[in-house]
Amino acid sequence: MPYYEGDLRAPHGARFAIIASRWNPRITDALVDAARQAFVANGVADTAVDVVRVPGAWELPLAARQLAVAGRHAALVALGCVVRGDTRHYEQVADGASEGLMRVALETGVPVANGVLAVDRFEDATARAGGSHGNKGEEAALVAIEMANLRAKLDALENAA
C-alpha cells in the first residue's frame with residue numbers, strides 16, 4: 001500500500017508568505033520572528049519568504065486569498081492574536097478568521113497554516129509566542145513547509161497518472 005507524507009524539505013524554488021496581524025504587536029512580532037527563523041533553519045532562503053502585514057486577524061483571509069490566487073507561494077502562514085474580551089467580538093473575529101483561512105486553502109489548493117492565537121488572557125498568548133508553550137509562529141512555518149512538500153508529492157503522483 002503506498003504511503004505519502006510531507007517532510008521538512010521545501011520544494012525547490014518554493015516561496016512562502018507570512019501574513020500577520022499588526023494587532024497585539026508584542027505577540028505577533030514574536031510569532032513572525034519565529035516563523036522566519038524556522039523557514040531559514042529548514043533551508044528556505046530569507047529572500048524566499050514574503051511578509052505581509054494587515055491591521056488585524058479579521059483581514060488575514062482576504063490577504064491570504066489574494067496571495068493564494070496569485071499562485072506565487074507554495075504555502076502561506078497566517079499569524080495573529082485575538083484575546084477574549086467582555087463582548088462576542090472575540091468569537092466573531094477568531095472564528096471568522098479561522099473559517100476564512102480554511103476556505104482560502106480549500107478553494108485555492110494552497111496550504112494555509114493557521115497560527116492565529118485565540119486566547120482567554122494576554123498571558124496565554126505570551127506562553128504561545130515563545131514562552132512555556134513554545135512558539136506557534138515556528139510551528140505554523142513548519143506546517144507550511146511540510147504541506148508544501150506533501151502537495152508537491154501529490155501533484156507529481158497526479159501528473160504521473
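The exercises below, each with a worked solution, deal with the strands, helices, salt bridges and one surface patch of a predicted model.

Residues are numbered from 1 along each chain as its sequence is written, and side-chain values use heavy atoms, with hydrogens and water left out. Because the model is predicted, local features need pLDDT of at least 70 and side-chain atom pairs count only at pLDDT 80 or more, whereas totals for chains, interfaces and linings use all residues.

**Exercise 1. Determine the strand order of the open sheet, and explain why one side of β2 and of β4 is left without a neighbour.**

Step 1. Helices (H or I, at least four residues) and strands (E, at least two) are taken as DSSP runs numbered from the N terminus, and two strands count as paired if DSSP finds at least two bridges between them.

Step 2. On this basis the four strands form an open sheet in the order β2-β1-β3-β4, with parallel pairing.

Step 3. β2 and β4 stand at the edges and have a single partner strand each, so one side of each lacks a neighbour in the sheet.

Step 4. Averaged over the sheet and with direction ignored, neighbouring strands are turned by 15 degrees against each other.

Step 5. The parallel strands β1 and β2 are joined by six bridges, and I18 stands opposite V51 in β2.

**Exercise 2. Describe which strands helix α2 touches and how α3 runs relative to β4.**

Step 1. Contact means heavy atoms within 4.5 Å; axes are lines fitted to C-alpha atoms, for helices over the stretch in contact, and angles run from 0 to 180 degrees between N-to-C directions.

Step 2. Helix α2 (residues 60-70) packs on the sheet and touches β1, β2, β3 and β4, its direction making about 165 degrees with that of β1.

Step 3. α3 lies across β3 and β4, and runs at about 170 degrees to β4.

**Exercise 3. State how many salt bridges the structure holds, and work out which parts of the chain D50 and R15 link.**

Step 1. A salt bridge requires a side-chain nitrogen of Lys or Arg within 4 Å of a carboxyl oxygen of Asp or Glu, and the structure holds ten of them.

Step 2. One of these joins the side chains of D50 and R15, at 2.6 Å from N to O; the pair links distant parts of the chain, since D50 lies in strand β2 (residues 49-54) and R15 in the segment before β1, 35 residues apart.

Step 3. For accessibility, buried means under 20% relative accessible area, exposed over 50%, and partly exposed in between (1.4 Å probe, protein chains only); D50 is partly exposed at 27%, and R15 is likewise partly exposed at 27%.

**Exercise 4. Explain why the pair R36 and D46 ties together parts of the chain.**

Step 1. The side chains of R36 and D46 meet in a salt bridge of 3.0 Å, N to O.

Step 2. R36 belongs to helix α1 (residues 25-41) and D46 to the loop between α1 and β2, so the pair ties together parts ten residues apart in sequence.

**Exercise 5. Identify the nonpolar surface patch that contains Y4, and place Y4 in the chain.**

Step 1. Patches consist of residues with over 30% relative accessible area and no salt bridge, like charges being joined within 9 Å and nonpolar side chains (Val, Leu, Ile, Met, Phe, Trp, Tyr) within 5 Å; accessible areas come from the Shrake-Rupley method with a 1.4 Å probe, and for residues only the protein chains shown count as cover.

Step 2. Y4, L154 and L157 form such a nonpolar patch, with about 260 Å² of accessible area together.

Step 3. Y4 is found in the segment before β1 (16-21) and is partly exposed, with a relative accessible area of 41%.
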